[in-house]
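Me: Before I use this model in a calculation, I would like to know on what grounds each label attached to it rests. Please take my questions one at a time and set each value against its criterion.

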Amino acid sequence: MNKIIKIGVLLLLTSFISSCDKEDEEEDKFSKTSLLTASTWKIYNYTSSVPEDYDLDGDSSTNIWEQMDTCEKDDKITFSKNFTYTFDNGPLNCDSTSPQILTQNWKFNSDESVITLNDSEVFDIVELNQTNLILRLNFPQYFHLIYFKH
């Protein structure tokens, strides 16, 4: 009888440990690092909290996306788990003297609500899920929102 109880306890412990491992894997799949590094992000919108003349044509708007050159709209960024990221200027590189792909470092703050690129560009993470990334770039009197999707 003692042997049956010990075997039963061992089976329960084994199933408990394996279910914890599955839960840990599931949680890790949705960690901010996992979501950020899952695949390449492509910019699809860019706004400002105040009207700006981004393209210097004399007209100001909060919709920076509409003012951007086509060659800026095809840019992509890929974050890696080793805390590097690659910025790809896309098929239409605006400046032929700029590298097509630039690799730099990135890091989170302690609660993963802020991401810093290349130790200097600091962005608040407004949204990060399996399909969308929205970053907020703060300036003294206004802010920009940059929208990415997979």
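Reply: This is a predicted model, and the mean pLDDT of its protein chain is 87, with 81% of the residues reaching 70 or more.

Me: Which stretch has pLDDT under 50, and how many contacts does the model give it beyond four places in sequence?

Reply: Residues 8–16 keep a pLDDT under 50 throughout, and the model has zero contacts for them beyond four places in sequence. Where pLDDT is low, the predicted coordinates should not be read in detail.

Me: What elements make up the chain, and in what order do they run?

Reply: The protein chain holds four helices and nine strands, and from the N terminus on the order is α-α-β-β-α-α-β-β-β-β-β-β-β. Of its 150 residues, 28% are buried, and among the contacts with a separation of 6 or more, 37% are between residues 24 or more positions apart.

Me: How do you know that Cys71 and Cys94 form a disulfide?

Reply: The criterion is a pair of cysteine sulfur atoms within 2.5 Å, and the S to S distance between Cys71 and Cys94 is 1.8 Å, so the pair meets the cut-off and counts as a disulfide. The structure holds one disulfide.

Me: Why is this disulfide called right-handed or left-handed, as the case may be?

Reply: The label follows from the torsion about the S-S bond of Cys71 and Cys94, which is about 105°, so the disulfide is right-handed.

Me: What parts does the pair of Cys71 and Cys94 tie together?

Reply: Cys71 belongs to helix H4, while Cys94 sits in the loop between E4 and strand E5 (101–108), so the pair links parts that are 23 residues apart in sequence.

Me: Why do Cys71 and Cys94 carry the burial labels they do?

Reply: Buried means under 20% relative accessible area, exposed means over 50%, and partly exposed covers what lies in between. Cys71 has 17%, so it is buried, whereas Cys94 has 44% and therefore counts as partly exposed.

Me: Is Ile64 buried or exposed, and what does it touch?

Reply: Ile64, which is found in helix H3 (residues 64–67), has a relative accessibility of 0%, so it falls under the 20% cut-off and counts as buried. Not counting residues up to four places away in sequence, Ile64 touches Tyr46, Thr47, Ser48, Glu52, Tyr54 and His144. With Thr47, Ile64 has a C-alpha to C-alpha distance of 5.1 Å, although the two are 17 residues apart in sequence.

Me: Is Leu137 buried or exposed, and where is it found?

Reply: Leu137 is found in strand E8, and with a relative accessibility of 18% against a limit of 20% it counts as buried. Leaving aside neighbours within four places in sequence, Leu137 is in contact with Val122, Phe123, Tyr142, Phe143 and His144, and the C-alpha atoms of Leu137 and Phe123 are 5.0 Å apart, with their positions 14 residues apart in sequence.

Me: Is Asp59 buried or exposed?

Reply: Asp59 lies in the loop between E1 and strand E2 (61–63), and its relative accessible area of 52% is over the 50% limit, so Asp59 is exposed. Asp59 still touches Glu52, Asp53 and Gln67, not counting residues up to four places away in sequence.

Me: What is noted about the phi of Phe83 and of Asn118?

Reply: Phe83 has a positive phi of about 65° although it is not a glycine, and Asn118 likewise has a positive phi, of about 55°, without being a glycine. Phe83 is in the loop between E3 and E4, and Asn118 is in the loop between strand E6 (114–117) and E7. Phe83, at 39% relative accessibility, counts as partly exposed because this value lies between 20% and 50%, and Asn118, at 35%, counts as partly exposed for that reason too.

Me: What lines the largest pocket, and which residues lie nearest its centre?

Reply: The largest pocket, with about 630 Å³ of space, is lined by 27 residues, of which Ile43, Asp75, Phe87, Asn89 and Glu121 lie nearest its centre. The lining divides into 19 nonpolar, three polar and five charged residues. E3 gives the largest share, three residues, and other elements supplying at least two include strand E1 (41–52) and helix H4 (70–73).

Key:
Residues are numbered from 1 along each chain as its sequence is written. This is a predicted model: local features need pLDDT of at least 70, side-chain atom pairs count only at pLDDT 80 or more; totals for chains, interfaces and linings use all residues. Side-chain values use heavy atoms; hydrogens and water are left out. On a 1 Å grid over the protein atoms alone, a cavity is a set of points where a 1.4 Å probe fits but cannot get out, and a pocket is an open set with protein on both sides within 12 Å along at least five of seven lines; lining residues have an atom within 4 Å of a point. Grid points are joined across faces, edges and corners, and a volume is the space filled by probe spheres set on the points. Ala, Val, Leu, Ile, Met, Phe, Trp, Tyr, Cys and Pro count as nonpolar, Asp, Glu, Lys and Arg as charged, and the others, Gly among them, as polar. Buried means under 20% relative accessible area, exposed over 50%, partly exposed in between (1.4 Å probe, protein chains only). pLDDT is the predictor's confidence in each residue, from 0 to 100. Contact means heavy atoms within 4.5 Å.
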